[in-house]
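Subject: Structure for your files

Hello,

Here is the structure I said I would pass on. My notes on its side-chain contacts follow below it.

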Amino acid sequence: MNGETNEPFVNANMIELKETGWMSNRGRQNVASYFAKELQLDWRIGASYFESMLIDYDVHSNYGNWKYVSGVGNDPRDRKFNIQLQADRYDKNGNYQRTWLQTTLF
């Protein structure tokens, strides 16, 4: 919840959520994948936390994303995101991560 994982991209997303109540859809999918696949925690806990934090919360989007990434529901394929590849692709220069990981911002 506080952005204290081994993945800076996940941490940046979690800090943004904590401080603003918002996270991009790409961030939501990466965090959900990390939570369910790397940490092997129950996806419903993560979905519930997002429900309590997101200012643009939508039950269908939230639970749909979490179920999709966790491999439950109508499409049970393994959806493990490569977090480093995602960070390289969507935060090529690291600007997003630097913004949210700097301690002096808050």
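To begin with a single residue: Arg28 has a relative accessibility of 13% and therefore counts as buried, the cut-off being under 20%. Please keep in mind throughout that this is a predicted model.

Salt bridges

There are three salt bridges in the structure. Arg28 takes part in one of them, with Asp56 as its partner and 2.7 Å between the closest N and O atoms. Arg28 belongs to helix α2 and Asp56 to the loop between α3 and α4, so this salt bridge ties together parts that are 28 residues apart in sequence. Unlike the buried Arg28, Asp56 is partly exposed, at 37% relative accessible area.

Another salt bridge joins Lys80 and Glu38, whose closest N and O atoms are 3.0 Å apart. This pair also links distant parts of the chain: Glu38 is in helix α2, Lys80 is in the loop between α4 and α5, and 42 residues separate them. Both partners are partly exposed, Lys80 with a relative accessibility of 48% and Glu38 with a relative accessible area of 41%.

The side chains of Asp42 and Arg44 also form a salt bridge, at 2.5 Å from N to O. Asp42 has a relative accessible area of 29%, which makes this residue partly exposed.

Aromatic pairs

The count of aromatic pairs is four. Among them is Phe35 with Trp66, an edge-to-face pair with 5.6 Å between the ring centres and 90° between the planes. Phe35 sits in helix α2 (residues 25–38) and Trp66 in helix α4 (residues 59–70), so the pair ties together parts that are 31 residues apart in sequence. Both Phe35 and Trp66 are buried.

Trp43 and Tyr63 make up another edge-to-face pair, with 6.1 Å from centre to centre and 75° between the planes. Here the link between distant parts of the chain runs from Trp43 in helix α3 (residues 43–53) to Tyr63 in helix α4, 20 residues apart. Trp43 is buried, with 16% relative accessibility, whereas Tyr63 is partly exposed, at 23% relative accessible area. The two residues fall on either side of the 20% cut-off for burial.

Finally, ring pairs connect Phe35, Phe50 and Trp66 into a cluster.

Regards

Note on methods: Residues numbered from 1 in each chain as written. Predicted model: local features only at pLDDT ≥ 70, side-chain atom pairs only at ≥ 80, totals over all residues. Heavy atoms only, no water. Phe/Tyr/Trp six-rings, centres within 6.5 Å; stacked < 30°, edge-to-face > 60°. Helix = DSSP H or I, 4+ residues; strand = E, 2+ residues; numbered from the N terminus. Buried < 20%, exposed > 50% of the residue type's maximum accessible area, 1.4 Å probe, protein only. Salt bridge = Lys/Arg side-chain N within 4 Å of Asp/Glu carboxyl O.
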